[in-house]
Amino acid sequence: MTGGRSAGILLHRVVDGERQVLLGHMGGPFWARKDEGAWSIPKGEPEGDEDLEATARREFAEELGLPVPEGELVPLGEVRQSGGKVVTAWALEGDLDPERVVPGTFTLEWPRGSGTVREFPEVDRVAWFPLVQARVKLVKAQRELLDRLVEKHSFG
């Protein structure tokens, strides 16, 4: 993927005095055997001239199959991923049960060149991680969002 835009929400909460963030492990065959650097915030591309905040809210609901928790979205700015895509993100303090997630799906020709089109979950699992562990799990470019979350909320 070169260029493009994406928008998402970094959901966070405190459990036993420790800040945690909700991440989704990217679905599909490319990510199946990867763990470190293979998780992402729920995000996706805008439809037409859709506002990026609306995109972030819609994609959160589509990827997780759950509504966005109530609360104020706090802008975290943009990061550029290795393929060139610019991700705009917001932080939201809230909670949800990963066991209730019903991920959206996408289709892909797999194996490549086989002519067989298969359906895969957008995220194949969702979990809460403490910030230190999330830094290892997240795709590299999104790790900056954790730093910005800490700066905006003065916790670590």
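Me: In this predicted model, a helix is a DSSP run of H or I with at least four residues, and helices are numbered from the N terminus. Which residue follows α1?

Reply: Helix α1 covers residues 52-64. The residue that follows α1 has a positive phi, near 70 degrees, and is glycine 65.

Me: How far apart are the end C-alpha atoms of α1?

Reply: α1 has 13 residues, and at 1.5 Å a residue these should span 18 Å. The model agrees with that expectation, because the end C-alpha atoms of α1 are separated by 18 Å.

Me: At the start of α1, which residue has a side-chain oxygen that reaches a backbone nitrogen?

Reply: The backbone nitrogen belongs to glutamate 53. The side-chain oxygen comes to within 3.0 Å of that nitrogen, and its owner is aspartate 51.

Me: Which elements cover the buried residues of α1?

Reply: The buried residues of α1 are Thr55, Ala56, Arg58, Glu59, Phe60, Glu63 and Leu64. The elements that cover them include β1, β2, β4 (43-44), β6 and β9 (123-130).

Me: Is arginine 58 buried or exposed?

Reply: A residue counts as buried when its relative accessible area is under 20%. The value for arginine 58 is 16%, so arginine 58 is buried.

Me: Which residues are linked with Arg58 in a network of salt bridges?

Reply: Arginine 58 meets glutamate 50 in a salt bridge, with 2.7 Å between the closest N and O atoms. Arginine 58 also forms a salt bridge with glutamate 62, at 3.3 Å from N to O. Glutamate 62 and arginine 58 are 4 residues apart in α1, which means about one helical turn separates them. The residues linked with Arg58 in the network are Glu47, Glu50, Glu59 and Glu62.

Me: How many residues apart in sequence are the parts tied together by aspartate 95 and arginine 13?

Reply: The side chains of aspartate 95 and arginine 13 form a salt bridge of 2.8 Å, N to O. Aspartate 95 sits in the loop between β6 (86-93) and β7 (105-109), and arginine 13 sits in strand β1 (residues 5-15), so the parts that the pair ties together are apart in sequence by 82 residues.

Me: Which of these two counts as buried, aspartate 95 or arginine 13?

Reply: Aspartate 95 has a relative accessibility of 47%, so aspartate 95 is partly exposed. The other partner has 18% relative accessibility, and the buried residue is therefore arginine 13.

Me: How many salt bridges does a search of the whole structure find?

Reply: The pair of aspartate 95 and arginine 13 is a salt bridge, and so is the pair of arginine 58 and glutamate 50. For the whole structure, the search gives a count of 14.

Me: Which residues touch the most other members of the largest nonpolar core?

Reply: In soluble globular proteins, nonpolar side chains tend to be buried together. Here the largest nonpolar core has 18 residues. The elements that give two or more residues to this core are β2 (18-26), β5 (74-80), β6, α2 (131-137) and α3 (143-153). The members with the most contacts to other members are Leu10, Val21, Leu23, Ile41, Leu145 and Leu146.

Me: How many residues does the second, separate core have?

Reply: The second core is separate from the largest one, and its members include Leu64, Leu66, Trp90 and Val126. The number of residues in this second core is 17.

Me: Within what arc do the buried residues of α3 fall?

Reply: In α3, the buried residues are Leu145, Leu146 and Leu149. Seen down the axis of α3, they line one face of the helix, because they fall within an arc of 105 degrees.

Me: Where is glutamine 20 found?

Reply: Glutamine 20 has 11% relative accessibility, so glutamine 20 counts as buried. Leaving out residues up to four places away in sequence, glutamine 20 touches Leu11, His12, Arg13, Val15, Trp128, Phe129 and Pro130. Glutamine 20 is part of strand β2.

Me: What is the phi of aspartate 16?

Reply: Most residues other than glycine have a negative phi. Aspartate 16 lies in the loop between β1 and β2, and at 81% relative accessible area aspartate 16 is exposed. Although aspartate 16 is not a glycine, its phi is positive, at about 50 degrees.

Me: Which residues does a cis peptide bond join?

Reply: Most peptide bonds are trans. The cis bond here has an omega of about -5 degrees. One of its partners, proline 111, is in the loop between β7 and β8 (117-121). The joined residues are tryptophan 110 and proline 111.

Note on methods
Residues are numbered from 1 along each chain as its sequence is written. This is a predicted model: local features need pLDDT of at least 70, side-chain atom pairs count only at pLDDT 80 or more; totals for chains, interfaces and linings use all residues. Side-chain values use heavy atoms; hydrogens and water are left out. A salt bridge is a side-chain nitrogen of Lys or Arg within 4 Å of a carboxyl oxygen of Asp or Glu. Buried means under 20% relative accessible area, exposed over 50%, partly exposed in between (1.4 Å probe, protein chains only). A nonpolar core is a set of buried Ala, Val, Leu, Ile, Met, Phe, Trp, Tyr and Cys residues joined through side-chain atoms within 4.5 Å. The arc is that of the directions from the helix axis to the C-beta atoms. Contact means heavy atoms within 4.5 Å. The expected span of a helix is 1.5 Å times one less than its number of residues. A polar contact is a pair of N or O atoms within 3.5 Å; within protein, one must be able to donate a hydrogen and the other to accept it, and residues adjacent in sequence count only if both atoms are side-chain atoms.
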